[in-house]
Amino acid sequence: MAVLGWILVIALFVIGMAGAVYPVLPGVLAIYFAFFVYGWFFSFEPFGWFFWIIQTLIVVVLLVADYAVGAWGVKKFGGSKLSVWLSTIGIIVGPFVIPAFGLIIGPLLGAMIGELIKGESLAKAFKVGVGSVVGLFSSIVVKVILQFAMIIVFIIWIIV
């Protein structure tokens, strides 16, 4: 049973880290769920209230930062709210439509379409699209760092 527990925990960590890059995977929630799986298979005893507060705060920060950093990229490059929304839709839909490059092309086109609808020039729309991709990559870096921190805190918590 212990082997199965560790397989599930590690699989959830892998899914979570992959979700930092591929937005259709549950990402941070998979990592958070791994803590419950560990508790169910082994024990919740190592986790006190402080552990849950730390991990929950990281989850909340990640969920807010994920949207905020992406929106920041669009806004920083002069984009509108419509471009923020369409780039977010592009992040989700893009990988399904164009599997190999949709993660980049989706938000780029989404933001560009948003700006073109608003009547902006193609040059400005492209600049905003690039901003959405910059925001996406910035968001990925933040997610990878914070999700890795969650896993490190978990490991330290169960060892110490």
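The protein exposes about 8,600 Å². Carbon and sulfur atoms supply 81% of that area. The model is a predicted one. Of the 160 residues, 41% count as buried.

**Fold and dimensions**

- The protein has six helices and zero strands.
- Read from the N terminus, the elements run α-α-α-α-α-α.
- The C-alpha trace spans about 60 × 30 × 15 Å along its principal axes.
- Take the contacts in the protein with a separation of 6 or more: residues 24 or more positions apart account for 64% of them.

**Charges**

- The protein carries 7 positive and 4 negative charges.
- The mean positions of these two sets are 13 Å apart.
- Side chains of opposite charge can pair when their charged atoms come close.

**Salt bridges**

- The count of salt bridges comes to two.
- K124 pairs with E115 in a salt bridge, and the closest N and O atoms are 3.9 Å apart.
- E120 also forms a salt bridge with K124, where the closest N and O atoms are 3.9 Å apart.
- Each pair qualifies because 3.9 Å falls within the 4 Å cut-off for a salt bridge.
- E115, E120 and K124 are thus linked in a network of salt bridges.

**Exposure in the network**

- E115 has 2% relative accessibility, so this residue counts as buried, the limit being under 20%.
- K124 counts as partly exposed because its relative accessibility is 28%.
- E120 has a relative accessible area of 32%, so E120 is partly exposed as well.
- Both of these values, 28% for K124 and 32% for E120, fall between the 20% and 50% limits.

**Around S87**

- S87 sits in helix α4, which covers residues 81-97.
- The relative accessible area of S87 is 4%, so S87 is buried.
- A polar atom of the S87 side chain lies 2.9 Å from the backbone oxygen of V84.
- Beyond its neighbours within four places in sequence, S87 is in contact with V74, P107, G110, A111 and S132.

**Buried sites in brief**

- Two buried residues stand out here for their partners: E115 and S87.
- E115 has a salt bridge to K124.
- S87 has its side-chain polar atom 2.9 Å from the V84 backbone oxygen.

Methods: Residues are numbered from 1 along each chain as its sequence is written. This is a predicted model: local features need pLDDT of at least 70, side-chain atom pairs count only at pLDDT 80 or more; totals for chains, interfaces and linings use all residues. Side-chain values use heavy atoms; hydrogens and water are left out. A salt bridge is a side-chain nitrogen of Lys or Arg within 4 Å of a carboxyl oxygen of Asp or Glu. Buried means under 20% relative accessible area, exposed over 50%, partly exposed in between (1.4 Å probe, protein chains only). Helices (H or I, at least four residues) and strands (E, at least two) are DSSP runs, numbered from the N terminus. Contact means heavy atoms within 4.5 Å. Accessible areas come from the Shrake-Rupley method with a 1.4 Å probe; for residues, only the protein chains shown count as cover. Lys and Arg count as positive and Asp and Glu as negative; His and the chain ends are not counted. The place of a charge is taken as NZ of Lys, CZ of Arg, CG of Asp or CD of Glu. A polar contact is a pair of N or O atoms within 3.5 Å; within protein, one must be able to donate a hydrogen and the other to accept it, and residues adjacent in sequence count only if both atoms are side-chain atoms.
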